[in-house]
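The exercises below are meant to be worked through slowly, with the structure open beside the page. Try each task before reading the solution that follows.

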Amino acid sequence: MSAMLELEDFRYSYGGVHAVKGISLQINEGEIVTLIGANGAGKSTTMRTICGLTEPQGVQGKIVYKGKEIQKLSGHKITAMGLSHVIEGRHIFSKLTVDENLEMGAYLRKDTKNIKADKEEMYRLFPRLLERKTSLGSNLSGGEQQMLAIARAMMNHPKMILLDEPSLGLAPIIVTEVFKAIKRLNEQEGITIFFVEQNSKIALNSAQRGYVMQTGEIVISGSCTDLSNNEAVRKAYLGE
């Protein structure tokens with residue numbers, strides 16, 4: 001498998017705080033990979049920096065997407081390269097309908113004639129959104145908002161999606177539904193997925209490989225099966 005995303009000795013600092021202290025990782029094309037760890041470990045900073053949402057002067061090391069260094073690029077240029085980001089808290093357009101939110105996800109595209117077909121594909125992948133097609137974003141449940149945020153990101157025709165805390169604030173039954181949708185995107189659409197998740201159990205059950213981050217460093221990595229069987233991981237992150 002070829003590498004879709006690579007971090008090489010990646011560091012990030014702001015205001016004298018060393019949030020990420022030199023990590024290296026690789027996500028291959030077609031994989032689902034998770035990054036787990038406690039609050040304040042540097043997970044979201046890593047995600048935001050990959051997608052160009054932090055100050056570039058704080059970055060050291062390399063972020064390589066599809067063979068090109070992107071650590072100094074702005075967010076919209078990175079998105080245009082086919083790397084979409086669903087940020088923590090979803091941040092859908094609350095005063096727009098579900099359908100209008102999907103339209104906004106395609107704002108960088110020039111092939112307008114294909115947008116309608118792609119919206120229909122999103123409604124196929126997320127049937128609940130079809131039921132709420134004309135509803136305002138503010139009237140959706142948390143789970144529906146998360147599905148909409150993911151579907152909106154898909155409207156950009158990405159090759160890879162980064163998800164930051166997709167289960168945050170959701171009821172367990174809805175978390176299961178959201179992660180089933182994430183797996184469908186990977187299996188049916190061929191999307192490479194890298195996600196941060198505090199629910200370590202569902203993260204390790206949903207991904208193929210994982211990295212464990214602690215105080216700005218990667219401390220353990222491996223297949224999710226190996227991580228689930230690792231005594232230190234089980235004790236610190238799985239409550240066992």
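**Exercise 1. The second largest pocket**

Task: In this predicted model, state the volume of the second largest pocket and describe which residues and elements line it.

Solution. Begin with the volume, which for the second largest pocket is about 190 Å³. Next, look at the lining, which is made up of 15 residues, with Gly40, Ala41, Gly42, Lys43 and Ser44 being the closest to the centre of this pocket. Then ask which elements contribute two or more residues to the lining of the second largest pocket; these are S2 and helix H1 (43–50). Of the contributions, that of H1 is the one that gives the most, namely three residues. Finally, sort the lining of the second largest pocket by class, which yields six nonpolar, six polar and three charged residues.

**Exercise 2. The cover of helix H1**

Task: Decide whether H1 is mostly covered or mostly open, and list its buried residues.

Solution. The cut-off needed here is that a residue counts as buried when its relative accessible area is under 20%. By this cut-off six of the eight residues of H1 are buried, so that the helix is mostly covered. The buried residues of H1 are Lys43, Thr45, Thr46, Met47, Thr49 and Ile50. As a last step, look just past the helix, where H1 is followed by Gly52, a residue with a positive phi near 80 degrees.

**Exercise 3. The largest pocket**

Task: Describe the largest pocket by its volume, its lining residues and the elements that supply them.

Solution. The volume comes to about 500 Å³ for the largest pocket. Its lining holds 22 residues, and the closest to the centre are Thr79, His85, Tyr107, Arg152 and Ala153. Two or more lining residues come from each of helix H2 (75–80), strand S6 (83–86), helix H3 (98–105) and helix H6 (142–154). By class, the lining of the largest pocket consists of 12 nonpolar, eight polar and two charged residues.

**Exercise 4. Salt bridges and their exposure**

Task: Give the count of salt bridges, and for the pairs of Asp9, Glu31 and Glu69 state the partner, the distance and how exposed each residue is.

Solution. As background, side chains of opposite charge can pair when their charged atoms come close. The cut-off for a salt bridge is a side-chain nitrogen of Lys or Arg within 4 Å of a carboxyl oxygen of Asp or Glu, and the count reached in this way is 11 salt bridges.

Take the pair of Asp9 and Arg11, in which the closest N and O atoms are 3.1 Å apart. Asp9 is partly exposed at a relative accessible area of 37%, and Arg11 is also partly exposed, at 32%.

Turn now to Glu31, which forms a salt bridge with Arg209 with the closest N and O atoms 2.8 Å apart. This pair links distant parts of the chain, 178 residues apart, since Glu31 lies in the loop between strand S2 (17–28) and strand S3 (32–36), while Arg209 belongs to strand S9 (residues 209–214). Glu31 counts as buried at 5% relative accessibility, whereas Arg209, at 21%, counts as partly exposed.

The remaining pair is that of Glu69 and Lys62, whose side chains meet in a salt bridge at 3.7 Å, N to O. Both ends are partly exposed, with 45% relative accessibility for Glu69 and 36% for Lys62. Elsewhere, Asp99, Glu103 and Lys119 are joined into one network by salt bridges that share partners.

**Exercise 5. Two polar side chains in helices**

Task: For Asn186 and Gln145, find the helix, the burial and the backbone oxygen that the side chain reaches.

Solution. Asn186 sits in helix H7 (residues 172–189) and counts as buried at 10% relative accessibility. Its side chain reaches the backbone oxygen of Gly30 at 3.0 Å. Leaving aside residues up to four places away in sequence, Asn186 touches Gly30, Glu31, Ile32, Ile191, Ile193 and Gln208.

Gln145 is placed in helix H6 and is likewise buried, at 17% relative accessibility. The side chain of Gln145 reaches the backbone oxygen of Leu140 at 3.4 Å. With residues up to four places away in sequence again left out, Gln145 touches Arg90, Ile92, Gly137 and Leu140.

How values were computed: Residues are numbered from 1 along each chain as its sequence is written. This is a predicted model: local features need pLDDT of at least 70, side-chain atom pairs count only at pLDDT 80 or more; totals for chains, interfaces and linings use all residues. Side-chain values use heavy atoms; hydrogens and water are left out. Buried means under 20% relative accessible area, exposed over 50%, partly exposed in between (1.4 Å probe, protein chains only). Helices (H or I, at least four residues) and strands (E, at least two) are DSSP runs, numbered from the N terminus. On a 1 Å grid over the protein atoms alone, a cavity is a set of points where a 1.4 Å probe fits but cannot get out, and a pocket is an open set with protein on both sides within 12 Å along at least five of seven lines; lining residues have an atom within 4 Å of a point. Grid points are joined across faces, edges and corners, and a volume is the space filled by probe spheres set on the points. Ala, Val, Leu, Ile, Met, Phe, Trp, Tyr, Cys and Pro count as nonpolar, Asp, Glu, Lys and Arg as charged, and the others, Gly among them, as polar. A polar contact is a pair of N or O atoms within 3.5 Å; within protein, one must be able to donate a hydrogen and the other to accept it, and residues adjacent in sequence count only if both atoms are side-chain atoms. Contact means heavy atoms within 4.5 Å.
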